[in-house]
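Biologist: Before we begin, could you take me through this model one feature at a time, giving the general idea and then the case at hand?

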Amino acid sequence: MNGEDIFKHIVSGEDQSILGDAVRSGLSLLSKGYKKVVTMRNSKFDTNKGVVRVSVPVISVGNIAAGGTGKTPMVRFICDILGQKGFHPTVLSRGYRAKDNSHNTIISQNGSILVEPEESGDEAWLLAKVLPKSSVIIGRNRIESAHIAIDELRADYLVMDDGFQHRALYRDKDIVLIDASNPFGYEYVLPRGLLREPIEGLERAHIIVLTKVDQVDPGVVAALRKRLARMLPQKPVYETIHKPRAVYTLEEWADGAEGNAVGLDSDLPMMAVSGIGNPQSFTKTLEGCGYNIVHTMGFGDHHDFSDDDVVEIWKQAFAHQAKAIIITEKDAVKLSQLHTIEDLRIPILVLSIGIEFISGKQEFIENLEI
């Protein structure tokens, strides 16, 4: 297990050892301090102190628990909808793992990518790649990014990626995604659990979207909906799944070629490789498509792949007799930059995933209107 897996093994309570109990006790003390700081910060913004409103509508997509909930596919979905309505949205991303996100940088303009992936971070670059009619800006200061988007890029809508806790920029719609497989981060705020803030913060949300509902028992989803109805009786709640869109070879994906139908070569033994918040979710998605996954190799979220990693990937694929390797688009951003990946004598496939609504899609779209 990598460090992230070990951490989750402890905070989830799966590790019942004496050491696990001791670590959880220590983390609980740290959580109390973290919770106090976050609560004080939120109370300041609750009075609108320090909140800046800009001249165009702002939609925020975020979550309340750390980890992969599907923010990137949702941002893509929203930008596509706005584009179909004739708007010119710009995505405001923090630029996590970018070379330098202390400065605001235009990553793409109307679909034209202006920088290399290492300058932007994987998620921002991926959004720039898959949004041909939108622009993407990174920077810690979302207010400055907003002004650049409006003044220089002539944006008429702003979509803030991972913006729920970044409250200095006023948002007209706060959309919060909740992973049905681990909705509230083991019920504790960081670092005892994965909650970025107390659950009560959900009261700020305008729209709740449950993601990956197909990866848990229907009873779990029903219980989650019941809990949310008690907590947030007036909030609309929608259910979505991660729907595979297409599959590419890594070369096809890098060249922007048309994707192939999902499910081809489903009888081929494959190894799933991912550096995302929830590798098991990726594996479940692949198995749901009928792929024969013989082994899963998970790295930490936003993992910076190296040549040594490529060697280890090959070793694991050989050991498990995999005839192909399948990866996420986010990981393709980094792996496609490594020359050693070209030396692997095994096909590398890239699965493109989107958001699909179980029901209420049109109502959700109508709720986006500002």
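**Reading strands, cores and pockets**

Modeller: Let us start with one pairing: Ser60 stands opposite Asp174 in β7, where strands (E, at least two residues) and helices (H or I, at least four) are DSSP runs numbered from the N terminus. This is a predicted model, in which local features need pLDDT of at least 70 and side-chain atom pairs count only at pLDDT 80 or more, while totals for chains, interfaces and linings use all residues. Residues are numbered from 1 along each chain as its sequence is written, and side-chain values use heavy atoms, with hydrogens and water left out.

Biologist: Which way do β1 and β7 run, and how many bridges join them?

Modeller: Two strands pair if DSSP finds at least two bridges between them. Here β1 and β7 run parallel and are joined by five bridges, and β1 also runs parallel to β6, with four bridges between them. In the pairing with β6, Ile59 has Val159 as its bridge partner.

Biologist: How should I read the side chains of a strand, and which residues of β1 point each way?

Modeller: In a regular strand, side chains alternate between the two faces of the sheet. From β1 (residues 58-63), Val58, Ser60 and Gly62 point one way, while Ile59, Val61 and Asn63 point the other way. All of these residues are buried, a word that means under 20% relative accessible area, whereas exposed means over 50% and partly exposed lies in between (1.4 Å probe, protein chains only).

Biologist: Is Tyr157 buried or exposed, and what does Tyr157 touch?

Modeller: Tyr157, which lies in strand β6 (residues 157-161), counts as buried because its relative accessibility is 4%. Contact means heavy atoms within 4.5 Å, and, not counting residues up to four places away in sequence, Tyr157 touches ten residues' worth of neighbours including Val56, Pro57, Phe87, His88 and Leu368. Tyr157 and Cys79 are 78 residues apart in sequence, yet their C-alpha atoms are 9.1 Å apart in space.

Biologist: Which residues have the most contacts inside the largest nonpolar core?

Modeller: A nonpolar core is a set of buried Ala, Val, Leu, Ile, Met, Phe, Trp, Tyr and Cys residues joined through side-chain atoms within 4.5 Å. The largest one has 58 residues, and those with the most contacts inside it are Met74, Ile78, Ile175, Val273, Ile325, Ile327 and Phe364. Helix α3 (residues 71-84) gives the most to this core, namely seven residues. Apart from this core lies another, of 22 residues, with Ala65 and Leu228 among them.

Biologist: How is a pocket found, and how much space lies in the second largest pocket?

Modeller: Rolling a probe the size of a water molecule over the atoms shows where empty space is left. On a 1 Å grid over the protein atoms alone, a pocket is an open set of points where a 1.4 Å probe fits, with protein on both sides within 12 Å along at least five of seven lines, and lining residues have an atom within 4 Å of a point. The second largest pocket holds about 550 Å³ of space, a volume being the space filled by probe spheres set on the points, which are joined across faces, edges and corners. Its lining has 30 residues, of which Lys8, Asn182, Tyr186, Asn278 and Gln280 lie nearest the centre, and the largest share of the lining, four residues, comes from α9.

Biologist: Where is the cis peptide bond?

Modeller: A cis peptide bond joins Leu190 and Pro191, with omega about 0°, and Pro191 has its place in the loop between β7 and β8 (207-211).
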